[in-house]
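Have the viewer open and a coffee at hand. We'll walk through this fold strand by strand and then zoom out to the whole chain.

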Amino acid sequence: MKVVENIIKENIFTKERIIDLLKADTEQSKYIFEEAARIKSIYIGNKVHLRGLIELTNKCSKNCFYCGIAVSNHNVNRYCVSLGEVEKAIKFIDRNNYGSIVIQSGELQSEEFISYIEKILHKIVELSWGRLGVTLSCGEQSEETYQRWKEAGAHRYLLRIETSNEKHYYKLHPKNAKHNFHKRLKSLEYLKKCGYQTGTGVMIASPFQTIENLAEDLLFMKHIDIDMCGMGPYIEHEDSPLFNSKESFYNTTEKIQLSLKMIALLRIIMKDINIAATTAMQTLATGGREMALKAGANILMPNVTPGKYREQYELYKNKPGLDEEAEDSKISMEKIISKANSIPAYGEKGNSNHFKNRMKSSYIY
Ligand code: 5AD
């Protein structure tokens, strides 16, 4: 216990010290969670900011070894939400005062896709009169595309690095022109350069991953100075090459504990960033997102994708909310927030405090 307490009090987070914290047992972990909650209450408060999530399309050009919507999985019916349906979802989000919208999709780089996103961004601005914060999560793109989308109204972008260790990256992805670790890093650089509130994240307890890798991931996020993070546990998908991998080292309880520790440590290390309580947490444990909020997360993303498409956006098995419509997801979300002794921040965009502070300190007087 003393060791964990001392490391946190000294506030120096080297790789070795983070490894010790990630290895903390249940008793010692309590201290980590309490400290994360304390820091969250100072830098964030007890509000949970909401982002209505549209899973726009499961069409994807990539072949990630863990993902259920990889291009080579022919058991998936591919869909794309129509502009009319997207408009309905935008109106739902605005009417219900969620404050922000997230458009998430598979990775596509065609001009058709790029201009469809642009059209949607214009619609969001038009329909909500600029009231909504806008996050995109549509994968690697050229700097020009990121710029185009920024000009059309997006101002936050989430691109998970998945793992910050290059060798590990190629155990989770094929090594070819489409899947290139350095290209992914470069994309994160472009996003920052374009002025987005930039987010990344990793899968926790993925095959071949070591505790050392996870410590490196936290330091990576600190090093590139992210504004937001979305990370959650790896969950097997039966149609993916890594299904039943002998290199997955954790059982469900360990995955949850490790994910909660990652969230709490990121909150302790980065203090004022936005951290999402992800759906994958809920998949592994009832109350998973509520636990994530208690451990330091401050963002929830209620799903507003039309119900008929939800089953097709199955990145991993047993994803919750597949039988829900937007209204049901709202009710589930309010329950989660109240169980985490927090309040929903209706009507607020919930921009990253870290981004605001970053901008303030970069003013030249
Ligand atoms: N388990 C957990 N997360 C996954 N993702 C994709 N497949 C899985 C899986 N099997 C995550 C990736 C991706 C995000 C959209 O979903 O981190 O960036």
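Strands β2 and β3 run parallel and are joined by five bridges. Strands here are DSSP E runs of at least two residues, helices are H or I runs of at least four, and both are numbered from the N terminus. Two strands count as paired if DSSP finds at least two bridges between them. To find one of the contact points by eye, look at threonine 57, whose bridge partner in β3 is serine 105.

Before going further, a word on what you're looking at: this is a predicted model, where local features need pLDDT of at least 70 and side-chain atom pairs count only at pLDDT 80 or more, while totals for chains, interfaces and linings use all residues. Residues are numbered from 1 along each chain as its sequence is written, and side-chain values use heavy atoms, with hydrogens and water left out.

Now follow the sheet onward. Strand β3 (residues 100–105) also pairs with β4, again in the parallel sense and over five bridges. Isoleucine 101 sits opposite valine 134 of β4. Put together, the sheet is an open one of seven strands with parallel pairing, in the order β2-β3-β4-β5-β6-β8-β10. Its edges are β2 (52–57) and β10 (274–275), and each has a single partner strand, so one side of each is left without a neighbour in the sheet.

Strand β4 deserves a closer look. How many of the five residues of β4 (residues 133–137) are buried? Five of the five are, so the strand is largely enclosed by the rest of the structure. Buried means under 20% relative accessible area, exposed means over 50%, and partly exposed is in between (1.4 Å probe, protein chains only). In a regular strand, side chains alternate between the two faces of the sheet. In β4, Gly133, Thr135 and Ser137 point one way while Val134 and Leu136 point the other, and all are buried.

There is also an open sheet of three strands, with parallel pairing and the order β11-β1-β12. Here β11 (299–300) and β12 (343–344) are at the edges with a single partner strand each, so one side of each has no neighbour in the sheet. Strand β1 (residues 47–50) pairs with β12 in the parallel sense over two bridges. Along that pairing, lysine 47 is opposite isoleucine 343, and valine 48 is opposite proline 344. Two bridges also link β1 and β11 in the parallel sense, with leucine 50 standing opposite leucine 300.

Next, some backbone angles to check. Most residues other than glycine have a negative phi. Asparagine 341 has a positive phi of about 55° although it is not a glycine. You'll find asparagine 341 in the loop between α14 (326–339) and β12, and at 63% relative accessibility it counts as exposed. Asparagine 244 also has a positive phi, near 65°, and is located in the loop between β9 (232–233) and α10 (252–270).

For a side chain on a helix, try lysine 150, which is in helix α6 (residues 143–152). Is lysine 150 buried or exposed? Neither label fits, because its relative accessible area of 25% makes it partly exposed. Beyond its neighbours within four places in sequence, lysine 150 is in contact (heavy atoms within 4.5 Å) with His155, Cys194, Gly195 and Tyr196. The C-alpha atoms of lysine 150 and cysteine 194 are separated by 7.5 Å, though the two residues are 44 apart along the chain.

Finally, zoom out. The protein has 15 helices and 12 strands, and its C-alpha atoms fill a box of roughly 60 × 50 × 45 Å along the principal axes. Its radius of gyration is 19 Å, which agrees with the value near 21 Å for a compact globule of 365 residues; the radius is taken over C-alpha atoms, and the globule rule is 2.2 Å times the number of residues to the power 0.38. Of the 365 residues, 58% count as buried. Among contacts between residues at least 6 apart in sequence, 76% join residues at least 24 apart.
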